[in-house]
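Please look over the sequence and the model shown below before reading on. The paragraphs that follow begin with confidence, turn to the overall build of the chain, and end with two individual residues.

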Amino acid sequence: MDRKSPFDFDIRASSDKKKRTRGRRGMSGAWETSVRQCEHPGCEEAGQYRCPKSPDQLNEYLWFCKDHAREYNLKWNYFDGQTESEMMDAMERDRVWGRATQPLGSKDERLAWQRLGIEDPHQVLGDNATRNPGKATSGAASRKLPPTERRALEILDARDTWTRPEIRKQYKSLVKDLHPDRNAGARTDEDRLQEVVWAWDQIKESRNFRD
């Protein structure tokens, strides 16, 4: 039994055109293969130009000759019989390809924020909502430091932009305020004083601060 080779096929464009069963439309818009007669009453010309029957039947056509197709199209009104409101709604649907944009977040999600006493979710951020994260704010970290030195600055309530003498001045002020001699011998701030001393030990040996 002879089998046809799977590679035995004609890929020429001319061969493909011969296989097509659909009509061929010319540059003028006429369907040259149409054998219909113009559907305009009393016209015996070939109906090679198709026009949609109505706005509700855009895939069903009337076939006319060239002159009657032009006449039909001049009278065509897609919005015929619609109110102005219906016309605007249709135009808006077409603008988004018939897929209306849904609001972000469901109604239940918006109500959840309102139950927390918040009308705008951005209110959760407070003052930070309008703050530019790209710029360092007062007291914020502006350069990289080891975790111990960063912690030391927090204890001393100092900034990483200060020089070592400025931090030393802050250290001495804290020691003076926390020392038992300034608090009638009370040792309630002894733990805090030890933290301050530890913090200064980290800074005074660091190479990350200018003298």
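Over residues 135-140 the pLDDT stays under 50, and for this stretch the model has 6 contacts beyond four places in sequence. This is a predicted model, and confidence is a sensible place to start. Taken over the whole chain, the mean pLDDT is 75, with 61% of the residues reaching 70 or more. Among the elements of the chain, the lowest mean pLDDT, 56, belongs to helix α4, which covers residues 107-115, while the highest, 91, belongs to helix α5, which covers residues 147-156.

With that in mind, the general layout can be followed along the sequence. The chain holds 7 helices and 2 strands, and, read from the N terminus on, its elements run in the order α-β-β-α-α-α-α-α-α. Of the 211 residues in the chain, 20% are buried. Among the contacts in the chain with a separation of 6 or more, 34% are made by residues 24 or more positions apart. The accessible surface of the chain comes to about 17600 Å², and carbon and sulfur atoms account for 48% of that area.

From the strands, Phe64 may serve as an example: this residue is found in strand β2, which spans residues 57-64. Is Phe64 buried or exposed? Its relative accessibility is 6%, and because buried means under 20% relative accessible area, Phe64 counts as buried. Leaving aside residues up to four places away in sequence, Phe64 touches Cys38, Glu39, His40, Ala46, Gly47, Gln48, Tyr49 and Cys51, and also Ala69 and Tyr72. A distance can be added for Glu45, which is 19 residues apart from Phe64 in sequence, with 8.0 Å between the two C-alpha atoms in space.

The second residue, Ser206, is found in the segment after helix α7, the helix that runs over 190-204. Which residues does Ser206 touch, not counting those up to four places away in sequence? They are Glu149 and Arg164, and the position of Glu149 can be compared with the range of helix α5, residues 147-156. Within its own part of the sequence, Ser206 has a polar side-chain atom that lies 3.0 Å from the backbone nitrogen of Asn208. As for its surroundings, the relative accessibility of Ser206 is 5%, so this serine, too, counts as buried.

Definitions and conventions. Residues numbered from 1 in each chain as written. Predicted model: local features only at pLDDT ≥ 70, side-chain atom pairs only at ≥ 80, totals over all residues. Heavy atoms only, no water. Helix = DSSP H or I, 4+ residues; strand = E, 2+ residues; numbered from the N terminus. Buried < 20%, exposed > 50% of the residue type's maximum accessible area, 1.4 Å probe, protein only. Polar contact = N/O pair within 3.5 Å; in protein donor to acceptor, adjacent residues only side chain to side chain. Contact = heavy atoms within 4.5 Å. Areas by Shrake-Rupley, 256 points an atom, 1.4 Å probe, with all protein chains shown as cover. pLDDT = per-residue confidence, 0-100.
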